[in-house]
Amino acid sequence: PDVEWWTAEEYEKWIATQKEELEALIGTGDGWYDGQGVFHEWTQESVDATIAEYQETLESIKNGTLYSKDNGEGDTYSMIPPTEDVVSEYGVNVTKENGESVHIGNYASNEELDKALEAASLYCKQEPEDPLGPYLCGQILFHLGRLQESYNAFTQSMNVIRGRDAMCLFYQCRILMRVSQWVDAKALLDQLIKAGITGVTMDFCRGMVDEHEGRKINAAEHYQLAVQSYRREDPPDVIGEAIFRLVRLEYNTRDKSELLSLVEEGLGIDTRSISLLDLKGDLLHDLNEMDAAIRARRQLCKLDPSHPTAFESLGRLLQFCKQDFAGAVDAYREQLKVRQTAPLYNLLGLCLQELERFPEAEAEFLHAVELAPEVPAYMANLAELYLIWKEYPKSEEAYKKALSLPLPCSQERVRLRQRYSLLLRRMGRWEEAAQALAPNIYQEFYSDDCRTQAELWAQAGNPERAMACLK
């Protein structure tokens, strides 16, 4: 179908409109039915949760995923970048009528999949009556993320045999799920169930439907059945994704060591799976196996240099777990080639500051402030840099700007005023330094600053106020 895709700017404006419309429904008795038929009335909490989901979609759009606008019939589509998929290595030897053997398969990268598609397309032309040709084309196109072409190829394969083929139908069902045509996907899956089709792919597809409709326990059970079944058979190409989805569903309820073993098993089948390798890094981090987590992140970065978070995750491990600030700088700069965000520039600035590369740190903090001027932490970090760098006038200006921004956390407000007071002390402005601590004492009730303020009043030549502080 003809599809019109959202841009990030359009979707952001749409979210703002949706937020206003949904908040207007709070208290009216309006609501919605979930997949279990339970009615939920709109509340501020449910509106916030819905908007948070929309924000996640917005981030996906910014990172390259395509989401369609409503086509007027209630259908929407999404096109997931190929790097998000679990790509299996697979192969087949095709023997032509003349006895010649043609090998198509064992391609584990997009470039090699392109070569496989070229070979399969050539075979289709040479053997137009063989359904295997379009079937292989459909497989390869599926792994390349060219879903509409893949769907058509499986239809062509079934047209050649003048009948329906379960594996072709399963692929078409998975494609319909990928583009969020759940009604059609469920109808097709029901046909396969009624036909008595069972096996790994059936369990996987049923798990997908359960997960989509919020039946997470049922979904996990189906994915578990798929994993158990594949161990008795040759693993189909769904098994890597089945393991990925099972681990994700049970991430917070199952022993992390068990989940890691399951992920390792999946990687033994799908050796270049981006999704599983990303999960492996998360699990190793949670298990405090930092060296192994760093190796997993490096491998992920090598496999997918355009991954939206891989280099950032590597940088955070190097920065906070190993204090390898130079290595973290390299990782963050690689990530910035893919996407530019204020938190990334801020992290890069902190590392450069630790390395005493002050002019470079200043440039990165300024980038962060430019992208998110409403976040006081970035301005405060810039002020701290200037303080360490002894650029006192610039530091004072930055601290004043940071203090003018809303700071919801009392501890952050106290800390920021303490650092500003330290700056004024280094500039010999004792009275102002003492006054800067007053809100900490009288508004935040942070009594630890009383002694420091007393010392500052004494330095300012005001012993009476110093004694009053001590009392």
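**Helix α16, a pocket and Ser-421**

Just after α16, Glu-356 adopts a positive phi of about 60 degrees. I begin there, in what is a predicted model, and turn next to the helix itself.

Helix α16 runs from 342 to 354. It has 13 residues and reaches 19 Å from its first C-alpha to its last, close to the 18 Å expected at 1.5 Å a residue. Is α16 enclosed or open to the surroundings? Buried here means under 20% relative accessible area. Because 10 of its 13 residues are buried, α16 is largely enclosed by the rest of the structure. Among those buried residues are Leu-344, Tyr-345, Leu-348 and Cys-351. The buried residues pack against α14, α15, α17 and α18.

I now come to the second largest pocket, which holds about 500 Å³ of space. Which helices each supply at least two residues of its lining? They are α14, α16, α18 and α20. Of these, α20 gives the most, with 7 residues. The pocket is lined by 21 residues, and those nearest its centre are Ala-377, Ala-380, Asn-381, Glu-384 and Arg-415. By character, the lining divides into 11 nonpolar, 5 polar and 5 charged residues.

Finally, let us consider one residue of α20, namely Ser-421. Is Ser-421 buried or exposed? Its relative accessibility is 1%, so Ser-421 counts as buried. Leaving aside residues up to four places away in sequence, Ser-421 touches Ala-433, Ala-436, Leu-437 and Leu-456.

Definitions and conventions: Residues are numbered from 1 along each chain as its sequence is written. This is a predicted model: local features need pLDDT of at least 70, side-chain atom pairs count only at pLDDT 80 or more; totals for chains, interfaces and linings use all residues. Side-chain values use heavy atoms; hydrogens and water are left out. On a 1 Å grid over the protein atoms alone, a cavity is a set of points where a 1.4 Å probe fits but cannot get out, and a pocket is an open set with protein on both sides within 12 Å along at least five of seven lines; lining residues have an atom within 4 Å of a point. Grid points are joined across faces, edges and corners, and a volume is the space filled by probe spheres set on the points. Helices (H or I, at least four residues) and strands (E, at least two) are DSSP runs, numbered from the N terminus. Ala, Val, Leu, Ile, Met, Phe, Trp, Tyr, Cys and Pro count as nonpolar, Asp, Glu, Lys and Arg as charged, and the others, Gly among them, as polar. Buried means under 20% relative accessible area, exposed over 50%, partly exposed in between (1.4 Å probe, protein chains only). Contact means heavy atoms within 4.5 Å. The expected span of a helix is 1.5 Å times one less than its number of residues.
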